[in-house]
Amino acid sequence: MRPRMSNIFFRLAIPGVLAFLFAVFNHVGTASAAVCDPSASVHITGSITSQNGAGVGNVTVTANAAGASTAEYGPCFSLTNGTYEIDVAPGTYDLHFNPPSTSNLNPVIDTNYTVMTDQVLNIQFAPVTRTFSGVLRDQTGAPIPGVSLELDTSSGSTAKSVCTDANGNFSMTVSAGAYVPYVSWASYYCGGATNIFTNKFNTIALRGTSADIDLTNSDMAQDLQLSIATVTVTLKDANGNPISGSNVTAQPGTSTNTPLLPGGPGELKPIDANFAASHATTDQNGTAQLPVFKGLSFAQNQGKQSLGDNLCGSSSAGPICIDSPLTASGDVAVVLQRAPSTPGTPTSLSATTPTPTAPVLTWNAVTGAANYRVYRDGLQTGTATTPNFVDSALNTSGSYNYTVTAVNAQDIESASSAPVTVIYDITPPAVINAAVSPTTVDQGGSTILSADVTDNLTGVTSAEYFEGTDPGQGSGTAMTISGDAATATVGSTLNPGIHTLSVRAKDGVDNWSNPVTVTLTVKLAAPAGLHAATPTNNPSLSWSAVIGTNHYDIYRDSTKVGSVATVSYTDAAATEGSRTYYVVAVTADNVVSDPSSTITIVIDKTNPTITTAVTPTPNAAGWNNTSVTVTFTCSDASGVASCTSPIAFVSEGKNQTTTGTATDNAGNTATVSTTIRIDRTAPTVSSPTWSANPIPANATTTLTVPTADALSVVTGGEYFIGTDPGQGSGTAMTYSAGNLSATLGSSLSVGVYDIGVRAKDTAGNWSLTTTTMLVVNDPTTTLGISGKNKKDLVPRLAAGDILPGLTSPTQTDAADYGMTVSYKNGVLDTHNAFHLTYATGANCGKPTAQNCHTFTLDATSFDWLIVDQANNSRGRFQGLATLTIDGVTTANPFTIMSIDGDRLTPNANDSLVLKVYAPGANPATTAAIYQASGSMAKGNGVKIQ
């Protein structure tokens with residue numbers, strides 16, 4: 001397919017400016033084959049595929065004159081998907097299609113192919129084939145007939161299968177490539193295979209280990225050879241006597257290879273042990289000969305007495321198998337003899353455990369046993385003639401494993417019994433780290449008595465303590481055992497003084513440890529329950545009485561401030577601040593108890609503080625435009641008792657006031673007030689006005705937009721031309737006396753501009769954007785739009801048109817129009833006019849009238865005229881028209897946009913769009929209430945001068 005070139009000429013114009021653009025496009029289809037003879041006029045194309053329909057790339061394509069040997073056209077080459085193209089002059093040719101040399105595909109020549117015009121010729125290649133042939137022989141060179149010989153792909157699928165004939169010959173043709181050989185004797189393959197030896201499935205199947213038959217580049221003639229060795233087996237019983245009339249079976253494993261190609265690398269393996277088995281029956285001497293494939297191995301994987309994957313003989317007493325691997329690298333002899341019988345294994349070995357006495361073992365008697373051997377931890381510890389034993393030699397605590405074997409009269413020992421574990425424990429528990437904590441307690445108080453107790457064999461089962469004289473083992477007070485610790489709570493019933501406490505423990509077989517002793521001191525109790533109100537001006541303390549006390553001393557900040565015989569005290573001399581107090585009990589002979597617990601009393605005479613925070617923070621003018629939360633923060637040295645919770649303000653307002661109160665724990669109070677200003681309503685913006693619109697190019701006009709804000713007042717505004725840049729990114733406007741204003745136009749070229757305006761109030765609210773239109777014309781340019789049409793301008797609902805009576809998407813009622821609008825010498829022509837009529841309905845004026853409506857628009861007054869777009873192809877104007885709908889007449893603004901299709905490249909139909917607005921509406925800011933549009937395919941409906 002040839003590249004295509006096209007020249008496209010564009011002319012872009014706006015009043016006073018012309019621009020030209022010349023573009024050249026060069027296009028080549030990406031899915032097409034390359035062209036190698038572009039000067040020829042006839043194109044031959046098509047697809048080249050392999051036998052399976054896949055595209056073949058890099059195929060050489062040439063065209064020779066019929067019968068000639070030299071290419072007249074080409075060479076060309078197919079793409080990777082197989083598509084090709086060759087261009088020739090009209091005539092008769094031999095077309096040559098040569099695949100890549102590595103593809104194993106045969107070339108194709110299409111002779112005497114006559115072409116006068118473009119042709120499509122599809123080509124399909126056939127694969128290259130090779131022949132593998134030879135004779136299948138045994139090790140003596142004799143041919144082997146009636147055997148299935150197969151070539152498999154490397155993935156295991158069959159490419160070709162044949163049977164050797166009466167002389168062992170074979171021949172098979174396959175696609176070029178490398179193959180794995182497969183040989184099988186089976187009656188269902190070749191109708192009666194020759195059995196080299198008896199097989200229980202009448203099948204022998206061997207497969208190659210790699211792709212040894214290489215037919216990639218040429219045929220192969222190769223004889224195959226299978227060698228056989230003889231395994232002579234002598235079968236004997238346990239006493240060495242021959243076993244006659246028994247079956248012997250050889251079932252090789254698959255780990256050893258057997259030769260296939262004489263002098264070559266080829267080799268075969270059994271695909272399954274069952275597919276290479278050999279069987280024979282022993283004679284009166286217990287001997288049998290089994291032919292097997294030379295090189296196969298026989299493993300001893302399953303045990304000496306299992307037939308699976310082995311070389312075995314059978315007897316009435318069970319199978320007898322080889323006890324070590326055997327490889328048949330040549331003829332080999334082997335003796336299979338049954339091993340002498342062993343006694344049965346003792347069962348149900350048991351013993352009492354744990355035990356503090358010599359272990360006693362019992363088990364079930366074994367028939368034929370002369371005696372029993374007892375093993376402790378793997379070493380023989382004794383012999384018994386009956387099924388029981390006492391291990392009196394054991395004298396060390398520990399955990400011991402026992403097993404028993406049976407021994408017959410031939411001194412053959414059985415397998416070991418299942419083991420039994422005996423825990424022998426004659427060692428009492430260890431008791432260490434005995435202690436009381438604390439070592440000194442008040443009278444009536446308690447402490448924790450503890451000790452570490454361990455026993456590595458039977459574990460600690462209990463512990464006890466006693467005070468003073470030993471009451472005897474098991475007669476003390478029980479302690480709590482948790483893990484390796486024994487604990488008890490003691491002391492609450494002891495009188496003041498030094499006391500001796502003893503601890504001992506017992507293990508799981510009732511061994512008791514010796515007692516371990518500790519001492520405990522009991523003294524006068526410290527005053528308890530010291531308390532007082534805080535904060536306060538006059539601290540008043542009280543506490544619980546201590547038996548045996550003469551008086552109490554009171555301490556403030558570690559300094560004694562008074563003594564009383566009662567259990568209360570008021571510290572009238574305390575000053576403001578945080579003070580710490582404690583009390584001690586004192587006997588008549590001045591023995592002092594431990595201090596009571598301390599308490600802290602806050603003496604507070606100062607009011608709290610309170611501050612406010614407003615969230616979110618007001619702007620610099622003190623205004624918010626969202627909901628506001630006022631949060632109060634209170635603090636006091638003695639602590640805050642109450643603080644006003646956060647207060648939310650949602651409603652708008654200029655002066656909203658709130659008050660917060662803080663109260664401290666001493667009853668002091670403080671207040672604070674805050675004023676909130678919220679304005680959530682955006683300013684309002686009224687209709688924009690212009691000091692002049694349209695304006696000539698390079699002139700200026702003033703845009704004025706009334707705006708107002710009821711609460712925080714307007715602070716300014718902005719305008720933008722065209723796309724909205726976002727709030728705050730427009731051009732700033734001047735705000736004064738309720739109006740936003742700006743002067744613009746000096747930098748604007750001829751055209752129609754959409755102007756957006758918005759206002760901002762003190763609280764930061766932006767108004768909605770109001771839009772207006774500014775028209776800039778060129779008074780030095782003469783412009784004109786004319787046109788008329790009848791029954792070709794068809795408004796449609798699908799185009800967004802809105803007209804009285806336009807109700808159906810398929811409606812085809814046409815509108816007529818005519819216009820003449822010109823602009824020269826800086827003014828619009830006074831004779832300008834625009835007219836459009838539209839009518840719908842059937843049987844109008846009759847009783848059966850349906851959907852009858854009329855629409856007439858006439859205008860001679862125009863505001864502005866603009867001609868723009870590429871090649872000055874678009875004309876737009878705006879004016880005020882007389883609109884009559886179904887006999888009702890109003891004055892309505894309207895706009896026209898028309899396209900002169902003759903000015904477009906390529907040419908197109910002319911088109912026109914009429915939009916009519918409500919009386920008094922601004923077309924720049926409001927939506928049309930009527931619209932009529934359509935294209936004129938017949939003649940020139942719009943002409944722009």
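## A salt bridge between R504 and D470

In this predicted model, R504 pairs up with D470 in a salt bridge, and their closest N and O atoms sit 2.9 Å apart. The two residues come from distant parts of the chain, with their positions 34 residues apart in sequence. R504 belongs to strand β45 (residues 497-507), while D470 lies in the loop between β41 (460-467) and β42 (477-478).

Which of the two is buried? That's R504, with a relative accessible area of just 2%. The cut-off for being buried is under 20%, so R504 falls below it. D470 is partly exposed, at 37%.

## Other salt bridges

Searching the whole structure turns up 16 salt bridges. One of them joins D223 to R137, with the closest N and O atoms 3.3 Å apart. This is another link between distant parts of the chain, as the partners are 86 residues apart. You'll find D223 in the loop between β18 (220-221) and β19 (224-226), and R137 in strand β11 (residues 129-138). Both ends are partly exposed here: D223 has a relative accessible area of 30%, and R137 has 28%.

Then there's D868 with R874, a salt bridge whose closest N and O atoms are 3.0 Å apart. Are these two residues buried or exposed? Both D868 and R874 are buried. Salt bridges can also share partners, and that is how R373, D411 and E413 end up in one network.

## The chain as a whole

Stepping back, the chain has 945 residues, and 42% of them are buried. It's built with one helix and 77 strands. Take the contacts between residues at least 6 apart in sequence: 62% of these join residues at least 24 apart.

As for the surface, the chain exposes about 45,400 Å². Carbon and sulfur atoms supply 50% of that area.

## Nonpolar cores

The largest nonpolar core holds 32 residues. Which residues have the most contacts inside it? They are F834, F855, F877, F894 and L914. Strand β72 (residues 850-868) gives this core its largest share, namely six residues. A second core, separate from the largest one, has 22 residues, including A63, I86, L105 and I123.

F877 is a good place to look around. Setting aside its neighbours within four places in sequence, F877 is in contact with several residues, among them F834 and F894. Its other contacts include I785, M819, V821, F862, W864 and L865. T895 and I896 are on the list too.

## Three disulfides

How many disulfides does the structure hold? There are three. A disulfide is a covalent bond that ties together the sulfur atoms of two cysteines.

Start with C312 and C321, whose sulfur atoms are 2.0 Å apart. Their link is right-handed, with 110 degrees about the S-S bond, and both cysteines are buried. C634 and C643 make another disulfide, again with sulfur atoms 2.0 Å apart. This link is right-handed as well, at 70 degrees about the S-S bond. Its two ends have their own settings: C634 is buried, with a relative accessible area of 17%, whereas C643 counts as partly exposed at 28%.

The remaining pair is C844 and C852, with 2.0 Å between the sulfur atoms. Here the link is left-handed, with -100 degrees about the S-S bond. C844 is partly exposed at 42% relative accessible area, and C852 is partly exposed at 28%.

## A three-stranded sheet

One open sheet has three strands in the order β31-β32-β35, with antiparallel pairing. Why does one side of β31 and of β35 lack a neighbour in the sheet? Both β31 (350-351) and β35 (388-390) stand at the edges and have a single partner strand each, so one side is left free of a neighbour.

Strand β32 (residues 360-362) is joined to β35 by three bridges, and the two run antiparallel. Along this pairing, L361 stands opposite F389 in β35.

Conventions. Residues numbered from 1 in each chain as written. Predicted model: local features only at pLDDT ≥ 70, side-chain atom pairs only at ≥ 80, totals over all residues. Heavy atoms only, no water. Disulfide = S-S within 2.5 Å. Buried < 20%, exposed > 50% of the residue type's maximum accessible area, 1.4 Å probe, protein only. Core = buried A, V, L, I, M, F, W, Y, C linked by side-chain atoms within 4.5 Å. Helix = DSSP H or I, 4+ residues; strand = E, 2+ residues; numbered from the N terminus. Contact = heavy atoms within 4.5 Å. Areas by Shrake-Rupley, 256 points an atom, 1.4 Å probe, with all protein chains shown as cover. Pairing = 2+ DSSP bridges. Salt bridge = Lys/Arg side-chain N within 4 Å of Asp/Glu carboxyl O.
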